[in-house]
Amino acid sequence: MEGLALHLRRDYQILTASGGQSALQVLKEKGAPAVIVSDMRMPGMDGATLLKHVKHLYPETTRILLTGETGAMPP
């Protein structure tokens with residue numbers, strides 16, 4: 001994710017967090033982002049759960065889940 005942030009930082013304002021709870025805190029402080037990109041595996045809260053919270057709090061935000069896991073994703 002850090003590589004993606006470094007690349008996108010050239011053209012966009014990028015906010016980062018080390019896990020799901022800290023991401024929700026950043027969003028609370030900064031407001032709704034246009035896009036949120038989350039890794040599936042994070043400390044404390046997986047990316048799918050984080051994006052469910054984001055969907056409820058910021059329904060207009062585009063949500064992207066990245067994962068290296070194989071198999072079906074949760075609904």
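Which residues make a nonpolar surface patch of about 290 Å²? In this predicted model, local features need pLDDT of at least 70 and side-chain atom pairs count only at pLDDT 80 or more, whereas totals for chains, interfaces and linings use all residues. Residues are numbered from 1 along each chain as its sequence is written, and side-chain values use heavy atoms, with hydrogens and water left out.

The patch is made by Leu-4, Val-35, Ile-64 and Leu-66; patches are made of residues with over 30% relative accessible area and no salt bridge (a side-chain nitrogen of Lys or Arg within 4 Å of a carboxyl oxygen of Asp or Glu), nonpolar side chains (Val, Leu, Ile, Met, Phe, Trp, Tyr) being joined within 5 Å and like charges within 9 Å. Accessible areas come from the Shrake-Rupley method with a 1.4 Å probe, and for residues only the protein chains shown count as cover. Ile-64, placed in strand S2 (residues 62–66), has a relative accessible area of 35% and is therefore partly exposed, a class that lies between buried (under 20%) and exposed (over 50%). Gln-13, found in the loop between H1 and H2, is exposed, with a relative accessible area of 71%. Helices (H or I, at least four residues) and strands (E, at least two) are DSSP runs, numbered from the N terminus.

In sequence, Gln-13 and Lys-55 are 42 residues apart, and their C-alpha atoms are 21 Å apart in space.

Key: Buried means under 20% relative accessible area, exposed over 50%, partly exposed in between (1.4 Å probe, protein chains only).
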